[in-house]
Amino acid sequence: MERKYEPADFPYPLNEDMAAAYAAKGAYDLNPSDSNKYWSLKEALYQIRLTLKSLSITGYVTPMLCDEIEDYFWGFLL
């Protein structure tokens, strides 16, 4: 899977959240009919959103970058 954002390029805890989302996406792709895999992916995406919101408020990440990252990761569900 081609990655647009590499976790190593971002601060903690966003890097761990991104890695978890990529792992959840890989597991979901192997068995898309498994609802547990779907919910795990969705939970990982919500965690990214919360982390981005926090990093945006503290100034570590720009609001524009937050929107781009969120759009990219939420695209995993489409």
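**Close-up views of a predicted model**

**View 1. Tyr72 meets the start of the chain.** A polar atom of the Tyr72 side chain lies 3.2 Å from the backbone nitrogen of Lys4, a polar contact (a pair of N or O atoms within 3.5 Å, one able to donate a hydrogen and the other to accept it; residues adjacent in sequence count only if both atoms are side-chain atoms). This is a predicted model, in which local features need pLDDT of at least 70 and side-chain atom pairs pLDDT 80 or more, while totals for chains, interfaces and linings use all residues. Residues are numbered from 1 along each chain as its sequence is written, and side-chain values use heavy atoms, leaving out hydrogens and water. Tyr72 is found in helix H3; helices are DSSP runs of H or I with at least four residues, numbered from the N terminus. Tyr72 and Lys4 are 68 residues apart in sequence, yet their C-alpha atoms are 8.0 Å apart in space. Leaving aside residues up to four places away in sequence, Tyr72 touches Glu2, Arg3, Lys4, Tyr5 and Tyr22, where contact means heavy atoms within 4.5 Å. With a relative accessibility of 18%, Tyr72 counts as buried (under 20% relative accessible area, 1.4 Å probe, protein chains only).

**View 2. Thr51 and the cis proline.** Thr51 belongs to helix H2, residues 35-58, and is buried at 6% relative accessible area. Beyond residues up to four places away in sequence, Thr51 touches Pro13, Leu14 and Asp17. Pro13 sits in the segment before H1, and the peptide bond leading to Pro13 from Tyr12 is cis, with omega near 5 degrees. For comparison, most peptide bonds are trans.

**View 3. The two ends of H2.** At the start of H2, a side-chain oxygen of Asp34 comes to within 3.0 Å of the backbone nitrogen of Asn36. After H2 comes Gly59, with a positive phi near 90 degrees.

**View 4. H2 alongside H3.** The axes of H2 and H3 come within 10 Å and cross at roughly 180 degrees (axes are lines fitted to C-alpha atoms over the stretch in contact, with angles from 0 to 180 degrees between N-to-C directions). H2 is therefore roughly antiparallel to H3, a term for angles over 145 degrees. From H2, the contact draws on Lys42, Leu45, Tyr46, Ile48, Arg49, Leu52 and Ser56, and from H3 on Pro63, Cys66, Ile69, Glu70, Phe73 and Trp74.

Definitions and conventions: Buried means under 20% relative accessible area, exposed over 50%, partly exposed in between (1.4 Å probe, protein chains only). Angles under 35 degrees count as roughly parallel, over 145 as roughly antiparallel, 65 to 115 as roughly perpendicular and the rest as oblique.
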